[in-house]
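The following exercises concern the protein chain shown below. Please attempt each task before reading its solution.

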Amino acid sequence: MDVLEILDEIEDVVEAAKPAFFSNKVAVSKEEVLELLSELRLKLPDDIKQATWIKEERERILNEARMESDRVINDAKVELGKLLSEESVMIEAKKQAQQIMMEATTKAAEITLNSIEYTDKLLLNTQENMKKIIETLNDNRHQLKDMSSNIKRSNG
C-alpha cells in the first residue's frame with residue numbers, strides 16, 4: 001500500500017466512525033488509526049528514497065552529458081588536428097573545425113539543458129507529491145486533534 005492509499009484508509013476509518021450522541025464527534029478505533037499511522041511512517045522513507053534517487057539520477061545525467069560533451073569536443077579537436085596537418089586544405093580545415101566545434105558546443109549545451117529540464121520536472125513532481133502528502137497529514141492531524149478536543153470537552 002502506498003502513502004496515499006494509507007491516507008485514504010485513515011480517512012475512511014474516520015468517515016465510517018459512529019457519531020457520538022448529539023455531537024459531530026465520532027469514535028474511531030485507536031488501534032486501527034495507530035496501525036495505519038505506523039504503516040504510513042514506514043512508507044514515507046520510500047518517498048524520501050525516491051527523492052534521493054531522483055537527485056542521484058540528475059547528477060548521473062549531468063555527468064553523462066558532460067562526458068559526452070567532452071568526448072564530442074575531443075573528437076572535434078582530433079578532427080581539427082587531422083585537417084590542419086594537411087597544408088593543401090588548411091583553410092577548409094579551419095572552417096570545418098570551427099563548424100564542428102560550434103556543433104559540439106551547441107550539442108553539449110543542448111544535452112546539458114535537456115538533462116537539467118528533465119531532472120527539474122522529476123524534482124517538481126516529487127515536490128508536489130510530497131506537498132500533497134504533508135497537507136493531507138496536517139489535515140488528518142488537525143482532524144484528530146479536533147476529535148480529541150471534542151471528546152475531552154464532552155467528557156470533561
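**Exercise 1.** State the pattern of helices and strands that the protein chain follows along the sequence.

*Solution.* Helices (H or I, at least four residues) and strands (E, at least two) are DSSP runs, numbered from the N terminus. Read in this order, the predicted protein chain gives α-β-β-α-α. The count is therefore 3 helices and 2 strands.

This is a predicted model, in which local features need pLDDT of at least 70 and side-chain atom pairs count only at pLDDT 80 or more, while totals for chains, interfaces and linings use all residues. Residues are numbered from 1 along each chain as its sequence is written, and side-chain values use heavy atoms, with hydrogens and water left out.

**Exercise 2.** Explain why the protein chain counts as more spread out than a compact globule.

*Solution.* The radius of gyration is taken over C-alpha atoms, and the globule rule is 2.2 Å times the number of residues to the power 0.38. For 156 residues the rule gives 15 Å, whereas the radius of gyration of the protein chain is 30 Å, well over that value, so the chain is more spread out than a compact globule. Its C-alpha atoms fill a box of roughly 100 × 20 × 20 Å along the principal axes.

**Exercise 3.** Determine where confidence is lowest and where it is highest in the protein chain.

*Solution.* The term pLDDT denotes the predictor's confidence in each residue, from 0 to 100. The protein chain averages 85, and 95% of the residues score at least 70. The lowest mean, 80, belongs to strand β1 (residues 18–19), and the highest, 91, to helix α3 (residues 90–155). Where pLDDT is low, the predicted coordinates should not be read in detail.

**Exercise 4.** Decide whether V14 is buried or exposed, and list its contacts beyond four places in sequence.

*Solution.* Buried means under 20% relative accessible area, exposed over 50%, and partly exposed in between (1.4 Å probe, protein chains only). V14, found in helix α1 (residues 3–16), has 18% relative accessibility and therefore counts as buried. Contact means heavy atoms within 4.5 Å. Leaving aside neighbours within four places, V14 is in contact with V26, V28, Q143 and M147.

**Exercise 5.** Classify G81 by its relative accessible area, and state how far its C-alpha atom is from that of K132.

*Solution.* G81 is found in helix α2 (residues 30–85). With a relative accessible area of 38%, G81 is partly exposed. G81 and K132 are 51 residues apart along the chain, and their C-alpha atoms are separated by 56 Å.
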